[in-house]
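Student: I should like to learn how the features of a structural model are read. Could we take them one at a time, beginning with the cysteines?

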Amino acid sequence: MTTRQNRREFMGLTGAGIAGAAGLSWLARGAAAQVGSPLEPDLVVFNAKVYTVDPITPQAQAFAVKGGRFVAVGSNDAIKPLAGARTQSLDARQMTVVPGFIDAHNHAPGSILLYDVVVGNPYEVDFVTIASIVEKLRERARTTPPGFWVEGFFFDDTKVKDARALDIHDLDQVSREHPVSVRHRGGHTTYYNSKAFELAGITRATPGSAAGTFDHDANGELNGRVTDRARSVFNNVGKRPTYTPEQTLQRNRDALAFISKQFVRYGLTSVHHEGGDLLALQQVRSRGDLKHRVSYEPQDDVLEAMIAKGIATGFGDEWIRFGATSEHTCDGSFSERTMALSVPYPGVEPPYRGNLIFKQDELDAWVERVHRAGIQVNCHANGDVAIDMVLTAFERAQRAFPHPDPRPKITHCTLINDDLIRRIKAAGAVPAPFTSYGYYNTDKFHFYGEELMRRSMAYRSFADAGITAAAGSDFSPGPFAPLMGMQGMVTRKGWNGETWGANQRIGVDEALRVLTINGAYASREEAIKGSITPGKLADFVMLADDPHTVDPDTIKDIAVVRTVTGGNTVHQA
Ligand SMILES: [Zn+2]
């Protein structure tokens, strides 16, 4: 599908859309005010400070919604008279209204939050102790048969009060009869106990590779930390619980319904999901428990089925639609310091430049195959070396099989330089840097230093180059709160008071675009969402304060008073 056709279709559906966009509107002359008129809005919101993110009418006081879409936007005087007998009228009492926020990268199954041992705070900056981690895992071990895995999640190595590294000895205190692991929320490093290493046959002498390492302490002993692909040796050792297909489906449904509630609590109305149980997602939706819209990013068997059967990006509807692929992970992690850099990591001995998952020809083959199938390519690339490889693969595929508007997505796209910016622009690529790291993860920026941070999460550089950058929380690695993200983008000041790469600051309006319309652009849906525009889906958020006028260091504290998806209130504080 092309978005241009879409736009025409939707505008065609709602004559009111065109009239509304043009200012106001034959509706305002009273046609809709008659009771029972097919034009009578379902909802009118007035007395609001509306930031529409639509350049035609950037600010407004009021808008009307019908059939799940905005039908008119304008002044109180123009919009209030549209209300008929069956219209719900909502006095915003001068609160701020913005389009629903969009998260362009999220590992969203929700099952960890619902079923697993969570050793850190998924949503906020919060410090824990190693003793608390050990105790939570011990508690799980007490009800777990020997030989079965005991696993902890949402660990963050720089949010530990002990100010030392978690290690194999801590995890041996949990149990020597169970394999035990603690996964870093960044997703690229995991800590294991002795039993896990023993089951996997790993000793101090086992070598790592370019794609992942077994780390050692000062005496050359395994310290418990294993990075990226080296962790695959643990996949088929130890026991895990098994479920019937029906139990699995039920668990996945409950988990998706749970996380959907969390998303709308923070004002997200659209989320790009990295894979997940597609059947469960559809069942959650049909039961009325899906409160946000999903750009479903396929991986593995779903992606293969799409390629085999000719299902391209854009298939689906306004609630669940196939987007780009899931991130094709090309290098390591920013937060865990394994991303592929062109220079050695400052202060690391022996010299280390991060992990690269593929060789160029392997990446070329994958990108070409997906691109040829009409599926939007999406690669995870953090370091400048990996971003270069992704662009090389994409430029090659596009030369061989030109697409007029391909929008290859570069998830994270963390460390750039002038040449990469030029090539991203030329390729029409869409970077999706981390949403919340500018606030949440500043305690890790010193590992890179100011010189690299001036070129990282480069929202300013992207905006100045005319590149449409979206924002992806990467949850679980980053909290998904969009207002926490906005604060970091605007201030580049973290929870710890440190400021890094202040040259990459953007304004509130720019951040608002990144978090709304640019996210819609990243999933090729800017014709139907991302701004408060007549004809578009009525997804919006009401905020207790205006991020333009509060102290920028408090944007994250603004309360999300109400979240509305398709004209329906899905969260109310
Ligand atoms: Zn990710």
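Tutor: A disulfide is counted when two cysteine sulfur atoms lie within 2.5 Å of each other. This model is predicted, and a search of the whole structure finds zero disulfides.

Student: Why is there no bond between Cys 379 and the closest cysteine sulfur?

Tutor: The closest sulfur to that of Cys 379 belongs to Cys 330, and at 4.3 Å it is too far for a bond. Cys 379 is buried, its relative accessible area being 0%. For Cys 413, the closest cysteine sulfur is that of Cys 379, at 11 Å, which is also too far for a bond. Cys 413 likewise counts as buried, at 0% relative accessibility.

Student: Let us turn to the metal site. Which residues are the protein donors of the zinc ion?

Tutor: Donors are N, O and S atoms within 2.8 Å of a metal such as this one. Here they come from His 105 (NE2), His 107 (NE2), Glu 327 (OE) and Asp 474 (OD), at 2.0 to 2.2 Å from the zinc ion. Their spacing in sequence is H-x1-H-x219-E-x146-D. His 105 belongs to strand β8 (residues 101-106), whereas Asp 474 is in the loop between α16 and α17 (482-491), so this pair ties together parts that are 369 residues apart in sequence. His 105 is buried at 0% relative accessibility, and Asp 474 is buried at 5%.

Student: What do the angles of the four donor atoms make of the arrangement around the zinc ion?

Tutor: Four donors count as tetrahedral if all angles lie between 85 and 135 degrees. The angles here are 83 to 169 degrees, which makes the arrangement irregular.

Student: How should a sheet be read, and in what order do the strands of the open sheet stand?

Tutor: Two strands pair if at least two bridges are found between them. Six strands form an open sheet with mixed pairing, in the order β3-β2-β7-β22-β23-β24. Since β3 (59-60) and β24 (568-572) each have a single partner strand, they stand at the edges, and one side of each is left without a neighbour in the sheet. Within this sheet, β2 (residues 49-51) and β7 (residues 96-99) are parallel and share two bridges; Val 50 has Val 97 in β7 as its bridge partner.

Student: Which way do the side chains of β16 point?

Tutor: In a regular strand, side chains alternate between the two faces of the sheet. In β16, Arg 293, Ser 295 and Glu 297 point one way, Val 294 and Tyr 296 the other, and all are buried. With five of its five residues buried, strand β16 (residues 293-297) is largely enclosed by the rest of the structure. Strand β15 (residues 268-274) runs parallel to β16 and is joined to it by five bridges, with His 273 opposite Tyr 296.

Student: Finally, which residues of helix α13 are buried, and what covers them?

Tutor: A residue counts as buried under 20% relative accessible area. In α13 (residues 418-427), the buried residues are Leu 420, Ile 421, Arg 423, Ile 424 and Ala 427. Their cover includes α12 (384-400), β20 (409-412), β21 (430-432) and α16 (459-464). At the start of α13, a side-chain oxygen of Asn 417 comes within 3.1 Å of the backbone nitrogen of Asp 419. Just after the helix, Gly 428 adopts a positive phi of about 65 degrees.

Notes
Residues are numbered from 1 along each chain as its sequence is written. This is a predicted model: local features need pLDDT of at least 70, side-chain atom pairs count only at pLDDT 80 or more; totals for chains, interfaces and linings use all residues. Side-chain values use heavy atoms; hydrogens and water are left out. Helices (H or I, at least four residues) and strands (E, at least two) are DSSP runs, numbered from the N terminus. Buried means under 20% relative accessible area, exposed over 50%, partly exposed in between (1.4 Å probe, protein chains only). Contact means heavy atoms within 4.5 Å. A polar contact is a pair of N or O atoms within 3.5 Å; within protein, one must be able to donate a hydrogen and the other to accept it, and residues adjacent in sequence count only if both atoms are side-chain atoms. Donors are N, O and S atoms within 2.8 Å of the metal (3.2 Å for Na, K and Ca); water is not among the atoms, so sites may look incomplete. Four donors count as tetrahedral if all angles lie between 85 and 135 degrees; four count as square planar and six as octahedral if opposite donors are over 155 degrees apart and all others between 65 and 115; anything else is irregular.
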